[in-house]
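Student: I have a structure to go through. Can we take the ligand site and then one residue of interest?

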Amino acid sequence: MLIKRPPYGIDPPSSSEITPREVYEGRRIFLRQAAIGAVATSGLLNLSPASAAAQKLPAKPNPAYLPADKPTAYKDATGYNNFYEFGTDKSDPARHAASLITRPWTLSIEGEVKKPFILDIDALLKLAPLEERLYRLRCVEGWSMAIPWIGYPLSELIKKAEPTGNARFVEFTSLADRKQMPGLGSSVLDWPYVEGLRLDEANHPLTLLTLGMYGEVLPNQNGAPVRIVVPWKYGFKSAKSIVRIRFTRNQPRTAWNLSAPREYGFYSNVNPEVDHPRWSQATERRIGEDSFFSRKRKTLMFNGYGEVASLYAGMNLKRFY
Ligand code: MTE
């Protein structure tokens, strides 16, 4: 039977190999063991040439966001990506995103705010103390990862902008520059990539303005130099390489919703009870850990971040998918 290829391609996983971020993972093990009062063991200090070259981004681990998950290998988190501005294959962003120029870079804060401003990326890095948080990211395609992100709550930036009483939503716009992004030649999405949140979702302490991962600045393929990470929503809500945050009265029109409204709603909370029209969302495969043949792990409501449930009290989450 010929099955229509979904707008999201479903590719086989890249194989699990020894992570080149031994230093990072050694530190995670230490932190987790320290947190449960165990004696730390390590012996993983073996710098690879790649880790020596990348730009470090010091951040304080936030123990409140340290799930039991094993961090996904750096190689998988940076080699198996969705970033359609660089192509639709999982390996395209790693192969093509070197053309993205991340300095100078500015982020414009505008719309329904008392204090609109434009912030240079270096000022953005210093706006609030950087934290490291291990968050799960689940893609609507049925795979997931656990990534140690670096950033600070988006609410810190929202506070500075002082939204007006009219602000009900927040719209995020990614860079769209054909000279740097070969994927823009394709009509797979309406460019620029736009995503959105309700203001209370954007202000939730879990919503991270993200500037790094694995102890370093964001690799281009993961959305350098600044992206959003919303861990209880499907990965496509976490817009990469953003240049504008706009506060609006009306619900923003988002790229995936415009492209396939029946398949990708505005809310897009991870919800095992609401199937994608063409496949189930009940289970997932952790990249680098689960193979196509191992039993899939169950997807948890809100990706396991039950603390957000109160944001949706009284809402029918099948209707608002
Ligand atoms: N942001 C932009 N600008 N373009 C994209 O194609 N893909 C989204 C999201 N953000 C995307 C994007 C999707 S579908 C996912 S699953 C995540 O980025 C993947 O993030 P990762 O590659 O860092 O794991």
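Student: Which residues are closest to the ligand?
Tutor: This is a predicted model. In it, 17 residues surround the ligand. The closest are N81, Y84, E85, R227 and K240.

Student: How do the residues of the shell around the ligand divide into nonpolar, polar and charged?
Tutor: Every shell residue falls into one of three classes. Six are polar and three are charged. The nonpolar ones number eight.

Student: Which side chain has an N or O atom 2.7 Å from an oxygen atom of the ligand?
Tutor: Take the polar contacts in turn. Y84 approaches a ligand oxygen at 2.7 Å, but through a polar backbone atom. The side chain of S174 has an N or O atom 2.9 Å from a ligand nitrogen. The side chain that fits your question is that of R227.

Student: How much of the ligand's accessible area does the protein cover?
Tutor: On its own, the ligand has 530 Å² of accessible area. The space it takes is the largest cavity. The protein's cover of that area is 100%.

Student: Now D92. Is it buried or exposed?
Tutor: D92 lies in helix α4, residues 92-96. Its relative accessibility is 11%. The cut-off for buried is under 20%. Therefore D92 counts as buried.

Student: Which residue's side chain makes a polar contact with the side chain of D92?
Tutor: Separate backbone from side chain here. The D92 side chain reaches T88 at 3.2 Å, but at the backbone nitrogen. A 2.7 Å polar contact joins it to another side chain, that of R95.

Terms used: Residues numbered from 1 in each chain as written. Predicted model: local features only at pLDDT ≥ 70, side-chain atom pairs only at ≥ 80, totals over all residues. Heavy atoms only, no water. Near = heavy atom within 4 Å. Polar contact = N/O pair within 3.5 Å; in protein donor to acceptor, adjacent residues only side chain to side chain. Areas by Shrake-Rupley, 256 points an atom, 1.4 Å probe, with all protein chains shown as cover. 1 Å grid on protein atoms, 1.4 Å probe; cavity = no way out; pocket = protein on both sides within 12 Å on 5 of 7 lines; lining within 4 Å. Sits in = over half its atoms within 2 Å of the grid points. Nonpolar A, V, L, I, M, F, W, Y, C, P; charged D, E, K, R; others polar. Helix = DSSP H or I, 4+ residues; strand = E, 2+ residues; numbered from the N terminus. Buried < 20%, exposed > 50% of the residue type's maximum accessible area, 1.4 Å probe, protein only.
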